[in-house]
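Hi everyone, thanks for coming. I'd like to walk you through one structure today, so let me put it up on the screen.

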Amino acid sequence: MARPEPKAAPLPELQPESKAEPKQEPASKPEPKLLPTLAPELLPVPAPESAPRSAPEPEDEPESEDEPGFEEDPEEVEPAPMSVSAQAVDRHSGRRRLKAALWPPRMSRGQLVVAVLLFALGLGLAIQVRSTNDHHSQLRGARQEDLVRILDELDSRQQRLQQEKAELEQSLAKLENSSNQAKEAQEQTRKKVTELGVLAGTVKATGPGIVLTVDDPQGQVKADMLLDTLQELRAAGAEAIQINDVRVVVNTYFTDVSGGGVQIDGKKVSAPYRFTVVGNPQDLTPALNIPGGVVRTLESHQARATISQQQKVVVDALVDLKTPQYAKPAPK
């Protein structure tokens, strides 16, 4: 039997395509997003307000091709200021470098010698200035009469030195111009021996001078006070001095006695102490009466000093010359 042929299915009708309009979904509100919570130590630390922001780098301007041969200088870019911590670190490192450069000191031998010499020079100048100021302070507190006396004493000393210089020049001229130089030399030598005998205490001396008497009822005058009096008289131009019955020479010494009194060259002398001095009275008297001088010092120790100017005093105490044991004339 034959099978029936299957019938073809009817084709669907084609309709023009229509653009499908997309459906608009209603706008939905965005859901809030939750930020994750961080630990306080993990939160970013804001920069300190004091730290200024770095300036933006200037943009490079294109070079103009219109003027060849002329180039514009690029703008200087200022370095960005450092933060406070960086400045502190830089300052600390600078101090360390300065300390390392200065210590320990690196000096050569020549620099060390120069430094020592400068130190010695400065010390000497300081001592000199201080001594000068002390001397000026003493004179500043003196009275007008005392200042006049000191000035007169200096003038007299200068005149005495000028006179001595003139005498020496005169003696030299006589020796050079004398027809008999040998005889003139002997005369000059004899005169010089007499002068040296007065200074050495082997010859009596006479002339104008003063007599200083020191009364010491309390026994407060010591050997150092008598020595200061002797030095003051010598500085004022005394040529021959005698204390009581002891001649004062270049090697005279003073010592205190335990029971009271003073020894001069091993001979005991007691108060009143009497100084017989040959010299210019106008120079000797002011030298003893200056402020802070001998008379004021003796009075501060309950002693009394009396000065008598005389036109003629006699120093008749003599000393015995000792033959030197070790000293001998040196060959010329």
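I'll go through a strand, two helices and a pocket, in that order.

Please keep in mind that this is a predicted model.

Let's begin with strand S7, which covers residues 273-278. How many of its six residues are buried? Five are, so the strand is mostly covered. S7 also has strand partners. Strand S1, residues 205-215, runs antiparallel to S7, and six bridges join them. If you want a spot to look at, find Ile210: its bridge partner in S7 is Val277. Then there is strand S2, residues 240-243, which pairs with S7 over four bridges, again in the antiparallel sense. Here you can look for Ile243, whose bridge partner in S7 is Phe275. As a reminder for reading this part of the picture, side chains in a regular strand alternate between the two faces of the sheet.

Now to helix H5, residues 223-235. With 13 residues at 1.5 Å a residue, the helix should span 18 Å, and its end C-alpha atoms are indeed 18 Å apart, so the two agree. Which residues of H5 are buried? They are Ala223, Met225, Leu226, Thr229, Leu230 and Leu233. These buried residues cover an arc of only 165° around the axis, which means they sit on the same side of H5. Just after the helix comes Gly237, with a positive phi of about 105°.

Helix H6, residues 281-289, is another case: eight of its nine residues are buried, so the rest of the structure largely encloses it. Those buried residues include Pro281, Asp283, Leu284 and Asn289.

Finally, the largest pocket, which has a volume of about 1200 Å³. Its lining is made of 31 residues. Which of them lie nearest the centre? Those are Arg160, Glu164, Glu167, Glu195 and Glu239. As for where the lining comes from, helix H3 (144-177), helix H4 (181-200) and S1 each give at least two residues. H3 has the largest share, with eleven residues. By class, the lining holds eleven nonpolar, eleven polar and nine charged residues. And notice that S1 appears twice in this talk: as a lining element of the pocket, and as an antiparallel partner of S7.

That's my tour, and I'm happy to go back to any part of it.

How values were computed: Residues numbered from 1 in each chain as written. Predicted model: local features only at pLDDT ≥ 70, side-chain atom pairs only at ≥ 80, totals over all residues. Heavy atoms only, no water. Buried < 20%, exposed > 50% of the residue type's maximum accessible area, 1.4 Å probe, protein only. Pairing = 2+ DSSP bridges. 1 Å grid on protein atoms, 1.4 Å probe; cavity = no way out; pocket = protein on both sides within 12 Å on 5 of 7 lines; lining within 4 Å. Points joined across faces, edges and corners; volume = space filled by probe spheres on them. Nonpolar A, V, L, I, M, F, W, Y, C, P; charged D, E, K, R; others polar. Expected span 1.5 Å × (residues − 1). Arc of directions from axis to C-beta.
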